Structure formats: C-alpha cells, structure tokens
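Me: I keep running into terms for pieces of a structure, and I'd like to know what earns each one its name. Can we go through a few?

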Amino acid sequence: MKLYNRGIIIAGIVVFLAAVTFPFWYDRGKTIAPPAIELDTPAIQKLADKRCVEDTAFMRDNHMKLLASWRESVVRKNVHTYTSKDGRVFEMGLTGSCLKCHENKSRFCDRCHDYAGVKPNCWNCHINPEEVL
Amino acid sequence: MAPTRREFLIIAGISAIGAACPPLSRIIAKETPSRGTHLPGAPGSAPALTAKRWAMVVDASKCSSDCKDCMTACHEAHNVPAIANPNHEVKWIWPERFENVFRAESHAHIQETVRKQIIPVLCNHCDNPPCVRVCPTGATFRRADGIVMMDSHRCIGCKICLAACPFGARSINFVNPRPFIRKLKADFPTRTKGVIEKCNFCEERLARGILPACVLACEEKALVFGDVEDPNSKVRQILDKKFSIRRRAELGTKPQVYYIL
C-alpha cells in the first residue's frame, strides 16, 4: 500500500495528537497548591462559638445546594429562617447571613472557585460587601 | 445451567422495574420530616407582617407635584438604577398625570385640579395577574398573600410579562444597571442585564416587620398599606369612607392598588 503525501500526513497526525493531549501532559509533574481560604475576618474573630451554619465538611461539599434551597425558601416560599442540624436558628440570606461573617469574598469564595474553575453568577446581582466599603 | 429464554425475560423485566424505581434511601428521606422548617421570627428581628391580602390605597389628592419622596425612598431601598435614557429606564414607582393613569375616565372637560394632579403609580399586585399567567418559567408568581413576586433567578428576560402587563409596571434591564445606581445598598441585591423587575410591595421589609419604604417616606400619609381582607385595617377604613377607583378594572385583572382623587 502506498501512502501519498506521507510526510505531511504523519506530521499532521503528530501535531494533532500533541494538541489534543496537551492538557494531559502540560501539567504533569507540577503540583498546584490547594487554595488557602481565609477564615479570620474580624466578624469571625468576634464570634464566641466559631461554627458555621452546618459543620465544615457539610458546608464544603454542600454550600451550593444549601444556598439554592435558601433561595427557594426565601424568594418563593416566604420562609426566612433556617434551623441547622443541631437546632440553631439562622436567617437565610447570602449577603444577609453568609457574608456577614465571610466578608472577604476575594479571599474566601473566590479562592476556591478560581481553583476549581467555577464561575457562580451570584455576584451579577448580589452585592459583594468588599465593593461597597 | 444457562437460563431459558422465558427466565431471562422475567429477570430482565423485574430488573427494568427495579431500575425505574427511585432508590429506597430517597423514599425514606422524603418521609422523615425535614428539620430545617420555619421557626417564627429570625434571631434579632421583629415578627413578620402578614396579611390575607395586601393592598395599597393611594390618596393622590394629598400629592404635590414636586414631591418625589416615595419614589426616592423606594428606588434607594431597592437599588433601582436611575437611567436617563427613556428606552432603558427602570422604575418601580413613578409619577404620571391623570390622563395617563385613568385614560378611559379622562376627558377634555375634567376639572383642572384632577387634570394637573400628579399620581404615583406602581405595580397593582393584581389578584388575576396576566404577567404571571404568561411567564414561561414561573419567575413571576403570585404569593398567597397577594404579592406578585419576581424571582430574578428564574427570569430569562423574554419580556412576555412586559407585554402582558396593562399598567406598564414592569421594566427590563436592557443594560447593566450597576453603574446607574447612585448609592449601592448592600443588603438588597441589584438586578442584572436581561432580567425584568418591578415593585415587590417591599416583601423583604414585611418579612422583617417593617412597612413598605414608600409608605413610611410619605409625610402626607397619601400612601396607606394594609390587609384589604381585614375589615379593621387602615386600608379598609379609608375604602369604607371615600370613593376609590382602580386602574383599568374593566380588564378583570383585579388590581389591588386603590386610588382616591
């Protein structure tokens, strides 16, 4: 079997494979430090009991689901308070509750979101307290 | 021994039914009552104001032509942008002349005080809201207490509600509203480009036990807010005493903003 234009075809295949596999080999061997989020805002330091609405592991995994359910409750069901698993009562709200403690969006929310490459659209409307001050 | 054709079909059928059923864990989870249910009053806040049917009475005869207190208070409280271009304008409560508010009732020989009267207009929070009926995503909906709400999270900016509302009470954000907000109020969200907005009867304030911003801002007490189903409410006391009209009531949307002139 004769392959016409052999050089161009093989070179093309090599370039194609290199481009397609680029994301796999480019970062090989490099380690990217996991994001360091800052939890020492003045509001948190003032707290006697430094606990979030739910425990850290739950919040890390499920904060987005929790926020989505808060959103449904407040906007659509007119229910404004949340009782945590251990019975504490909170007012539901992103700027009204979460950001009262986590007032450092750029060093808390953004660090993980940038690392994970997620772009939540909360901030199209909800106001980042860092911008107002 | 390999299963017969008949046995294989029986097992395959049972498996298909099993796969179609929701997992047992989810069924159990649904039956147990959720613990995060509503408790009256959030910590440190006043009890919410509730009603069977919220309504407003606007006594426009008390309004003077240069007063914009209610509008300023509302637009400040809700981060409403002040866009000069009338094509992009966003408004929740705004002044209109009689001929524009009550077009059918207006005529060439109407008394001058009425003709020149400035009337504040806002969303009528209709009992039969056409905007809700046409909304394809359920972004706008009517609450049990009558407030016609906007859920900006679900709004896709299709503008059908804009066309459906006979009162022009809805505005769409054709441009990003942020740069046009004079003073950002951090505890109320702004809107984003491509969503509809309108008066929400200050539901976020009612939840904290505070009357609407426009009502509290009016020094003449021209705006009165209350439960129209409660015969002892302020709203009913006024409606019982004075003649009131509603905007374009003939359309059958059952507006819940009553005007006195």
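Me: What makes β9(B) and β10(B) a pair of strands?
Reply: This is a predicted model, and in it two bridges join β9(B) to β10(B). Pairing takes at least two bridges, so β9(B) and β10(B) count as paired. They run antiparallel. Looking at residues, B:Arg246 has B:Tyr258 as its bridge partner in β10(B).

Me: And how do you know that β1 of chain B pairs with β10 of chain B?
Reply: Use the cut-off again: at least two bridges are needed. Here four bridges link β1 (residues 54-59) to β10 (residues 257-260), so these strands of chain B pair too, and they run parallel. In β10(B), B:Tyr258 stands opposite B:Val57, while B:Tyr259 is the bridge partner of B:Val58.

Me: Why are β8 and β9 of chain B said to stand at the edges?
Reply: The four strands form an open sheet in the order β8-β1-β10-β9 (chain B), with mixed pairing. β8 (223-227) and β9 (245-246) each have a single partner strand, so one side of each has no neighbour in the sheet. Helix α10 (residues 234-241) of chain B packs on this sheet and touches β1, β8 and β10.

Me: What makes A:Gly96 in helix α4 of chain A "buried"?
Reply: A residue needs 20 or more other C-beta atoms within 10 Å of its own. A:Gly96 is classed as buried, so it meets that cut-off, and A:Cys98 and A:Leu99 do as well. The buried residues of α4(A) pack against β2 (89-91) and α6 (129-132) of chain A.

Methods. Residues numbered from 1 in each chain as written. Chains lettered and ligands numbered in written order. Predicted model: local features only at pLDDT ≥ 70, side-chain atom pairs only at ≥ 80, totals over all residues. Buried ≥ 20, exposed ≤ 12 C-beta atoms within 10 Å, placed from the backbone. Contact = placed C-beta atoms within 7 Å. Axes fitted to C-alpha atoms, helices over the stretch in contact; angles between N-to-C directions.
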